[in-house]
Amino acid sequence: MITLPCPWCGPRNVTEFAYGGETVARPDAATVTPAEWRAYLYVRANPAGPVTETWLHRAGCRRYLVVERDTTSNEVLAVRRAGRAAKTPTGQHP
Amino acid sequence: MKNETPRYSAFSLARRGLSGKPWPPAWRAHELRPSYDVVIIGGGVHGLATAHYLAANHDITNVAVLDKGYIGGGGSGRNTAILRSNYLTPEGIAFYDRSLTLYRHLAADLNFNVMFSQRGHMTLAHNDSSLRTMRWRAEVNKLCGVDSDVIDPNEIAKLVPRMDVSSEARYPILGALWHPPGGIIRHDAVVWGYARGADRRGVHIHQNTEVVGVDAIDDRVTGVRTSRGPVSASVVVNCTAGWSSLVSDMAGVEMPVQTFPLQAAVTEPVQPFLDPVVVSGTLHVYVSQTDRGELVFGASVDPFPSYSTGGSLEFIEGLAGHVLQLMPSLHRLRLLRQWAGLCDMTPDYSPIMGLTPVDGFYVDVGWGTYGFKAGPVSGEQMAACIATGRTPELIAPFSLSRFADGHLVGEKGAAAVGH
């Protein structure tokens, strides 16, 4: 992966982005058990293959994006604005 | 069957040389048995050292070491071969100091020249806060009996004449943590030495044998499935690096681990000029000169997780810039090659060792960027753990349960870049 297609700025060098980690849901603090909290804090799927993760275009538009990436090849499979439905890297975003 | 490996010595070298008789292989290929007492997944320095000490210290020899590629082809062959014990926490210091002691006697113990060169390890401080951490580390080190001290720029210039210690530098050097027992070693020789030691005691080393599944019934391990067929075993040990969470997943054990590539590079060989290992946490770089004269450069892990071992131009650009800030006179040196190894990073930069919730499934993982220097002590302690079924005191702080209990062993300050 040399470039990451930012949904707002287009393909930009990956050094402009900050990695935000695998997308995981935050548990409800009122009902969570210690084991669930530990899993939320520390345990990640860490797959060898496609993974969905959050990135920040730190040195660009400073907005968040959700990237689907193959961790064995670093190929970007899909990218979308955080909170929107996925689009292919070449697809036009609505 | 014991291997009739001749003892390596000047005498045996002369005799073989004059007679022209070929050397027998240092380790042999075997048929995969349907059953072993202990199956070790991963034929790197950790896996082979565990097998060696199981046989040498505990007389457990019905052991198989499985590797999906060739032995020493993962992290053991991709690290920068730096050894030291000047960590930050008493737990970390005690552990790595034992490793350094084993490394010091390894050539004699294994009858294999591992070329350990104790040339000293220097960690530079470029600002007040890192100088403060150096003093903290030096004092904790001294209390734990480890030779470690803070030195000033004049002493640094004497040890490394090419270093830019002037106040004109972009990041002026204020001092350094100086650790004389640190040094570098021939990493392949360590792997080969342990493989030979394990093989001659009856351990089977199976290369090109990939584990595709770990079988467990009622949370009790029964064996593994491999690319060459199933193997039953009551003890399975995960000694892999980058793939450690995937292998643990096979046994149903969740690992707080993420896999990051760590890149390194080497230059063309030049005349010897750099004696100690030089590390700069601020500049994210470490430099050492090998016995062949090449400069070995390393840095911190890549900024995002990946299983790809491809090198990147960003890494080389950053690395070259940082090295030249330390030693401007290297500007005409050419890089020969760069490579990457896969590191299983834990949240607290300490390993995960010992028992797991699945009976008979042991782990020696989470070694991040600092696994090579811990190879011998990990093998020794894991072998003791497996032989007795109890967690030895030295590795008790590194249990998997610490993440649930909240007893993390924070080594980030001493382990992140400071190889």
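In this predicted model, helix α2 of chain B passes helix α11 of chain B in a right-handed crossing. Helix α2(B) spans residues 45–58, and helix α11(B) spans residues 375–388. Their axes come within 7 Å and cross at roughly 55°. The angle falls outside the ranges for roughly parallel, antiparallel and perpendicular, and α2(B) and α11(B) are therefore oblique to each other. On the α2(B) side, the contact is made by B:Val45, B:His46, B:Ala49, B:Thr50, B:Tyr53, B:Leu54, B:Asn57 and B:His58. On the α11(B) side, the residues include B:Gly375, B:Pro376, B:Ser378, B:Gly379, B:Glu380 and B:Met382. Further along α11(B), B:Ala383, B:Ala384, B:Ile386 and B:Ala387 also take part. By class, this contact has ten nonpolar, seven polar and one charged residues.

Helix α2(B) also packs against helix α8 of chain B, which covers residues 187–200. Here the axes are 8 Å apart and the angle is about 30°. Angles under 35 degrees count as roughly parallel, and α2(B) and α8(B) are therefore roughly parallel to each other. The crossing of α2(B) past α8(B) is left-handed. From α2(B), the residues that meet α8(B) are B:Val45, B:Leu48, B:Ala49, B:Ala51, B:His52 and B:Tyr53. Their partners in α8(B) are B:Val190, B:Val191, B:Tyr194, B:Ala195, B:Gly197 and B:Ala198. The contact has ten nonpolar, two polar and no charged residues.

Helix α11(B) has another contact, with helix α4 of chain B (residues 90–104). The axes of α4(B) and α11(B) come within 7 Å and cross at roughly 105°. That angle makes α4(B) roughly perpendicular to α11(B), because the range for this class is 65 to 115 degrees. Helix α4(B) contributes B:Phe95, B:Arg98, B:Ser99, B:Leu102 and B:Tyr103. Helix α11(B) contributes B:Gly375, B:Pro376, B:Val377, B:Ser378 and B:Glu380. By class, the residues of this contact are five nonpolar, three polar and two charged.

Helix α4 of chain B also holds B:Thr101. This residue is partly exposed, with a relative accessible area of 23%. B:Thr101 and B:Pro181 are 80 residues apart along the chain. Their C-alpha atoms are separated by 9.8 Å.

Aromatic rings were examined next. A pair of aromatic rings is described by the distance of the centres and the angle of the planes. The count comes to 15 aromatic pairs over all chains. One of them joins B:Tyr8 and B:Phe112. The ring centres are 6.0 Å apart and the planes lie at 55°, so the pair is tilted. The pair links distant parts of the chain, 104 residues apart. B:Tyr8 sits in the segment before α1 (10–19) of chain B. B:Phe112 sits in the loop between α5 (106–110) and β4 (121–125) of chain B. B:Tyr8 is partly exposed, with a relative accessible area of 27%. B:Phe112, by contrast, is buried, with a relative accessible area of 14%.

A second pair is formed by B:Phe95 and B:Tyr96. The centres are 5.5 Å apart, the planes stand at 90°, and the pair is edge-to-face. B:Phe95 and B:Tyr96 are both buried. They belong to one aromatic cluster together with B:Tyr87, B:Trp367, B:Tyr370 and B:Phe398. B:Phe95 is also one of the α4(B) residues in the contact with α11(B).

Chain A has one helix and six strands. From the N terminus on, its elements run β-β-β-α-β-β-β. Chain A has 94 residues, and 33% of them count as buried. Contacts in chain A with a separation of 6 or more were also sorted by distance along the chain; residues 24 or more positions apart account for 38% of them.

Two asparagines of chain A have a positive phi although they are not glycines. For A:Asn46, phi is about 50°. A:Asn46 lies in the loop between α1 (34–42) and β4 (50–56) of chain A. With 3% relative accessibility, A:Asn46 counts as buried. For A:Asn74, phi is about 60°. A:Asn74 is found in the loop between β5 (64–70) and β6 (75–81) of chain A. A:Asn74 is also buried, with a relative accessible area of 11%.

Key: Residues are numbered from 1 along each chain as its sequence is written. Chains are lettered from A and ligands numbered from 1 in the order in which they are written. This is a predicted model: local features need pLDDT of at least 70, side-chain atom pairs count only at pLDDT 80 or more; totals for chains, interfaces and linings use all residues. Side-chain values use heavy atoms; hydrogens and water are left out. Axes are lines fitted to C-alpha atoms, for helices over the stretch in contact, and angles run from 0 to 180 degrees between N-to-C directions. Helices (H or I, at least four residues) and strands (E, at least two) are DSSP runs, numbered from the N terminus. Angles under 35 degrees count as roughly parallel, over 145 as roughly antiparallel, 65 to 115 as roughly perpendicular and the rest as oblique. A crossing is left-handed if the near helix is turned anticlockwise from the far one by less than a right angle, and right-handed if clockwise. Contact means heavy atoms within 4.5 Å. Ala, Val, Leu, Ile, Met, Phe, Trp, Tyr, Cys and Pro count as nonpolar, Asp, Glu, Lys and Arg as charged, and the others, Gly among them, as polar. Rings of Phe, Tyr and Trp (its six-membered ring) pair if their centres lie within 6.5 Å; planes under 30 degrees apart count as stacked, over 60 as edge-to-face and the rest as tilted. Buried means under 20% relative accessible area, exposed over 50%, partly exposed in between (1.4 Å probe, protein chains only).
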